[in-house]
Every structure is written in C-alpha cells, then in structure tokens.
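Trainee: I'm new to this structure, and I'd love to go through it with you. Could we take it one question at a time?

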Amino acid sequence: MNAFSLAGKTALVTGANTGIGQAIAVALGRAGAHVVCAGRSSCDDTAAMIDKAEVLNLDFADPMAARDAFDARPVDILVNNAGIIRRADSVDFTETDWDAVMDVNLKAVFFTCQAFAKAVFARKARGKIVNIASLLSFQGGIRVPSYTASKHGIAGLTKLLCNEWAARGITVNAIAPGYIETNNTQALRADPDRNKAILDRIPAGRWGRPEDIAETAVYLSAPASDYVNGAVLNVDGGWLAR
Ligand code: NAP
C-alpha cells in the first residue's frame, strides 16, 4: 500500500474555488481522491483540473450550510479551508465584523465537522478532518480581533474533536499556514516595506505557495498520518521558530 495514496477516497474541500483551497483540491485529486469542490463561488475551474471531481454550492453565510452535504455522498476526508478576515482597530471593531468572521471561520467549521462525523459514524467508516488554522492560532496579530479569536478557536476545536473522535476512527488535525501567496495577501506583497519585513523574518527566505499547504493536506488526509491526532502543524517556512 502506498501510504500517501488517496485512491478510492472521497474528499470535500470548502473554499475550493481559489487560493489554498484550490491547491488542496487539486493535490488531493492528484493523490487519487474523488474531490467535492465546495464553495460559494463557482468551483468549475478547480473541478476541471481534477480527474474525478464534482462541484457543490456551499455558502457559509449560513454556518449550518453543510448540514446535508454528507448525506448525498459518502465522504472520507473533510478539509475546512474557507475563511475570511476583517481589519479594524479593536476599539472600533463592529459586531457585524465580529459575527461574520466567527460564523465562517469557526461556527461553520464546527457544524461542518459535526455533520461529517455523524455521516461517518452512521456508515461505520473512518475519516480524516483537516482544518486550516493560521499563525494567528498562536500569535495575537493586530487589528484582526475576530480572525485571531476564530483561529485560536480552530486550534482548540481541533484538539477537542481529536479527543472525542480519535478512538471512533476520525483523525482531526490542522495546518497553520504562514505567509502564503494568495489573493488574501496580495496587498501585503505589494507593499515593499511590509513585504521586506515579512521576508526578513522567514528563515526559508520566501513566501509560502498554496502548494506547500496542499501537499501537507495530502499527508494529513492519507494513511501515512494515521497516528497524527490533534496536531496543529505549522507550515510557515520557520516563522514561528524565530
Ligand atoms: P482566499 O484566496 O481569500 O480564499 C478564501 C476562500 O474562502 C475562498 O474560496 C472564499 O470564497 C471562501 N469563503 C469565504 N467566505 C465564504 C463563505 N461565506 N462560504 C463559503 N466559502 C467562503 O484566501 P486563502 O489565502 O486561500 O485562505 C484560505 C484559508 O487559509 C483561510 O481559512 C485563511 O484564513 C487561511 N490562511 C491563509 C493564509 C495566507 O497567507 N494566505 C495564512 C494563514 C491562514 P470566495 O472566493 O467566494 O470569497
């Protein structure tokens, strides 16, 4: 058996239309999985890059949106990638920006995990969950209070779900990406001062690429990581080691 093969498995990736989610969907497909490319925007472009793929409209404006997603098809691997960020000084931060981020980044992740686990347990099957955390699962950041709270929450939730579900056949882990080249970070990379400050702190000396996260997601979805449980794995070029 190839410990990194996902042949015969079905994976569902949220926010699969772009950025890290798209790279993860493509990498899981390349490892042999059938991939359900889920998003609020069209995931047709992503699905076209994958041998065995389908698209699913999933908008976490309703954090319970995935409640039925696992009834229509057996899913073995869930990657909770969709996420948003809102920036403002904490003294001015609005309830709207607090709730919007917490709903997509944390509440939707929990209830999507719950729907996935119910379906896996009902099938008496095994499963893998990969949550996308952040450096702000460990650090405080600045002017992003709801994002930091949500990503700290993802780290805690990953450990809690591991404790409840590892013995029931679902491994739950998270990836904490460092600074990755996506739409999300375009403004930072375009600012020469911020770009230099960031690069100066990354021991690897470069921004991360979506593929760096995607290959780690393949590992955490594959039998190779069966004894990895409740981990929040930094994929940050060494940022947190500084
Ligand atoms: P991105 O390019 O902005 O992608 C975010 C994804 O989330 C998009 O597919 C987006 O869909 C989806 N999404 C947002 N709101 C949604 C909703 N209500 N329902 C369904 N999908 C929704 O950002 P990215 O950099 O690839 O980020 C992916 C994940 O990595 C996020 O969880 C982010 O926090 C995390 N992360 C990124 C970095 C980085 O440096 N890039 C670092 C640490 C963690 P639309 O395209 O339709 O908006």
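Mentor: Gladly! Let's begin with helix α1, which is mostly covered, with ten of its twelve residues buried. Keep in mind that the model is a predicted one.

Trainee: Which residues of α1 are buried?

Mentor: Buried here means under 20% relative accessible area. The residues of α1 that are buried are Ile20, Gly21, Gln22, Ala23, Ile24, Ala25, Val26, Ala27, Leu28 and Gly29.

Trainee: How far apart are the end C-alpha atoms of α1?

Mentor: Helix α1 covers residues 19-30, and at 1.5 Å a residue its twelve residues should span 16 Å. The model agrees with that expectation, as the end C-alpha atoms lie 17 Å apart.

Trainee: Which residue just after α1 takes a positive phi?

Mentor: Look just past the end of the helix, where the phi angle is about 115°. The residue there is glycine 32.

Trainee: Thanks! How many aromatic pairs are there in the whole structure?

Mentor: Ring centres must lie within 6.5 Å to make a pair. Searching the whole structure on that basis gives a total of six.

Trainee: How many residues apart are phenylalanine 70 and phenylalanine 116?

Mentor: These two form an edge-to-face pair, 5.5 Å centre to centre with 70° between the planes. Phenylalanine 70 is in the loop between β3 and β4, while phenylalanine 116 is in helix α3. Both residues are buried. The pair links distant parts of the chain, and its partners are apart by 46 residues.

Trainee: Which parts does the pair of phenylalanine 121 and tryptophan 165 tie together?

Mentor: This pair is edge-to-face, with 6.0 Å centre to centre and 85° between the planes. Phenylalanine 121 lies in one helix and tryptophan 165 in another, so the pair ties together parts that are 44 residues apart in sequence. Those parts are helices α3 and α4.

Trainee: Which residue has its charged end over the ring of phenylalanine 121?

Mentor: Phenylalanine 121 is buried. The charged end sitting over its ring is 3.8 Å from the ring centre, and belongs to arginine 168.

Trainee: Now the ligand: how much of its accessible area does the protein cover?

Mentor: There are 28 residues around the ligand, and the closest include Asn17 and Arg40. A polar side-chain atom of serine 41 is 2.4 Å from a ligand oxygen atom, and an N or O atom in the side chain of asparagine 184 is 3.2 Å from an oxygen atom of the ligand. On its own the ligand has 890 Å² of accessible area, and the share covered by the protein is 90%.

Technical notes. Residues are numbered from 1 along each chain as its sequence is written. This is a predicted model: local features need pLDDT of at least 70, side-chain atom pairs count only at pLDDT 80 or more; totals for chains, interfaces and linings use all residues. Side-chain values use heavy atoms; hydrogens and water are left out. Rings of Phe, Tyr and Trp (its six-membered ring) pair if their centres lie within 6.5 Å; planes under 30 degrees apart count as stacked, over 60 as edge-to-face and the rest as tilted. Helices (H or I, at least four residues) and strands (E, at least two) are DSSP runs, numbered from the N terminus. Buried means under 20% relative accessible area, exposed over 50%, partly exposed in between (1.4 Å probe, protein chains only). A charge sits over a ring if NZ of Lys or CZ of Arg is within 6 Å of the ring centre and within 35 degrees of the ring normal. The expected span of a helix is 1.5 Å times one less than its number of residues. A residue is near a molecule or strand if one of its heavy atoms lies within 4 Å of it. A polar contact is a pair of N or O atoms within 3.5 Å; within protein, one must be able to donate a hydrogen and the other to accept it, and residues adjacent in sequence count only if both atoms are side-chain atoms. Accessible areas come from the Shrake-Rupley method with a 1.4 Å probe; for residues, only the protein chains shown count as cover.
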